[in-house]
Amino acid sequence: MPGRMPSALAFCTALLLAAAPAPRPRVVVDPGHGGAQEGAISPDGLLEKTVSLDVARRLKAALEHEGVEVLLTREQDVLLALADRVTFANQARPDVFVSLHLNSMPTRRLRAKLEGVQTFFLSASASGEDARRVAETENADSAGAAAPLPSDTLAFILADLRRSEAHADSARLAYAVHSRLVPASGGSDHGVQQAPFYVLTGVDAPAVLVEFGFISHPEESRKLARPEYRDRVAQAIADGVRAFLAQTAVRDRRPPVASSTPP
Ligand SMILES: [Zn+2]
């Protein structure tokens, strides 16, 4: 029985891929909030929008050091609608999208108790009560913005999930980042979770939202104020992104094994 011969097109494509230098991967990093939208706040008055921008800059430096091209959705402390972040990301056509945020708890008791890290990818429904709470908090920035949430949010998200081939990759990206972030942070592991985040819904690339700490926790917020801790967090996220990009490159550039030996 004859073996399956690859098509001439597949053969040529494989040869071209083998000969051409690998394209430089591109990552869009999205520092949460900005301008009048300050995000969460620490007991000492440290703002989520400030820490997320600083860690984004450190993440950019860490990834650029590894030859990755990095674009930030905002470079400064400016207001940027969630819809504009999505538009920016899709115009850039990145290989990966990472949104950076900090968690916060509403009550004094919970603020004193909860610390640690959590990584999300998009889902039509939240993976639990806690995931739902985080998504509602982060989605609040879209209220009153130029592009409000669609009236039928669930239908919009489901349609988007069907469209998006990147969903399984987003899950893989989330685990790659989270597994490195937990030991680097030294904080509690709140797991990889899924929730309907507005900023992730329209992004075509594999996308995650990282809650890299609880800014409402007294001790953790003091850690988050330290430059060397921010570097450690940024490096861990960069390592996860790089591992994901490496896996994806191997998967998407299969060598022409079947055509390398003439019959
Ligand atoms: Zn946030």
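The following is a series of questions and answers about a predicted model of one chain.

User: What is the chain made of, in helices and strands, and how much of it counts as buried?

Analyst: The chain has 10 helices and six strands. Of its 263 residues, 42% count as buried.

User: Why is glutamate 211 called buried?

Analyst: A residue is buried if 20 or more other C-beta atoms lie within 10 Å of its own. Glutamate 211 has 26 such neighbours, so it counts as buried. Glutamate 211 is found in strand S6.

User: Which residues is glutamate 211 in contact with, leaving aside its neighbours within four places in sequence?

Analyst: Its contacts are His101, Leu102, Asn103, Val117, Gln118 and Val134. Glutamate 211 also lies 6.0 Å from threonine 119, C-alpha to C-alpha, with their positions 92 residues apart in sequence.

User: What makes arginine 93 exposed and histidine 33 buried?

Analyst: The cut-offs are 12 or fewer C-beta neighbours within 10 Å for exposed and 20 or more for buried. Arginine 93 has 10, so it counts as exposed. Histidine 33 has 26, so it counts as buried.

User: What is said of phi in histidine 33 and in arginine 93?

Analyst: Histidine 33 has a positive phi of about 65 degrees although it is not a glycine. Histidine 33 is found in the loop between S1 and helix H2 (48–65). Arginine 93 is likewise a residue other than glycine with a positive phi, near 50 degrees. Arginine 93 comes just after H3, in the loop between H3 and S3.

User: Why are leucine 110 and arginine 111 called partly exposed?

Analyst: Partly exposed is the class between 12 or fewer neighbours, which is exposed, and 20 or more, which is buried. Leucine 110 has 13 C-beta neighbours inside 10 Å, so it counts as partly exposed. Arginine 111 has 19 and therefore also counts as partly exposed. Leucine 110 is in helix H4 (residues 108–113), and arginine 111 is found in helix H4 too.

User: Which residues far along the sequence do leucine 110 and arginine 111 lie 8.4 Å and 5.3 Å from, C-alpha to C-alpha?

Analyst: Leucine 110 is 8.4 Å from histidine 217, which is 107 residues apart from it in sequence. Arginine 111 is 5.3 Å from serine 216, which is 105 residues apart from it in sequence. Not counting residues up to four places away, arginine 111 touches Met105, Ser216 and His217.

User: How do you know that the buried residues of helix H5 are on the same side of it?

Analyst: The buried residues of helix H5 (residues 129–139) are Ala131, Val134, Ala135 and Glu138. They cover an arc of only 95 degrees around the axis, so they are on the same side of H5. These residues pack against strand S3 (96–103), strand S4 (117–122), strand S5 (189–195) and strand S6 (207–214).

User: What puts the buried residues of helix H3 on the same side?

Analyst: The buried residues of helix H3 (residues 82–92) are Leu82, Arg85, Val86 and Ala89. Their arc around the axis is only 100 degrees, which puts them on the same side of H3. What covers them includes strand S1 (26–31), S3 and helix H8 (198–201).

User: Which residues have the most contacts inside the largest nonpolar core, and which helix gives the most to it?

Analyst: The largest nonpolar core has 57 residues, and Val98, Val208, Ile237 and Val241 have the most contacts inside it. Helix H10 (residues 227–252) gives the most to this core, with eight residues. Not counting residues up to four places away, valine 208 touches residues including Val98, Phe120, Leu173 and Val177.

User: How are H7 and H10 placed relative to one another?

Analyst: Helix H7 (residues 167–185) and H10 pack at an angle of about 145 degrees, with their axes 8 Å apart. Their crossing is right-handed. By class, the contact has 11 nonpolar, four polar and five charged residues. Among the residues that meet are Leu173, Val177 and Leu181 in H7, and Ile237, Val241 and Phe244 in H10.

User: How many of the contacts in the chain between residues at least 6 apart in sequence join residues at least 24 apart?

Analyst: The share is 84%.

Technical notes: Residues are numbered from 1 along each chain as its sequence is written. This is a predicted model: local features need pLDDT of at least 70, side-chain atom pairs count only at pLDDT 80 or more; totals for chains, interfaces and linings use all residues. Helices (H or I, at least four residues) and strands (E, at least two) are DSSP runs, numbered from the N terminus. The arc is that of the directions from the helix axis to the C-beta atoms. Two residues are in contact if their C-beta atoms, placed from the backbone, lie within 7 Å. A nonpolar core is a set of buried Ala, Val, Leu, Ile, Met, Phe, Trp, Tyr and Cys residues joined through C-beta atoms within 7 Å. Axes are lines fitted to C-alpha atoms, for helices over the stretch in contact, and angles run from 0 to 180 degrees between N-to-C directions. A crossing is left-handed if the near helix is turned anticlockwise from the far one by less than a right angle, and right-handed if clockwise. Ala, Val, Leu, Ile, Met, Phe, Trp, Tyr, Cys and Pro count as nonpolar, Asp, Glu, Lys and Arg as charged, and the others, Gly among them, as polar.
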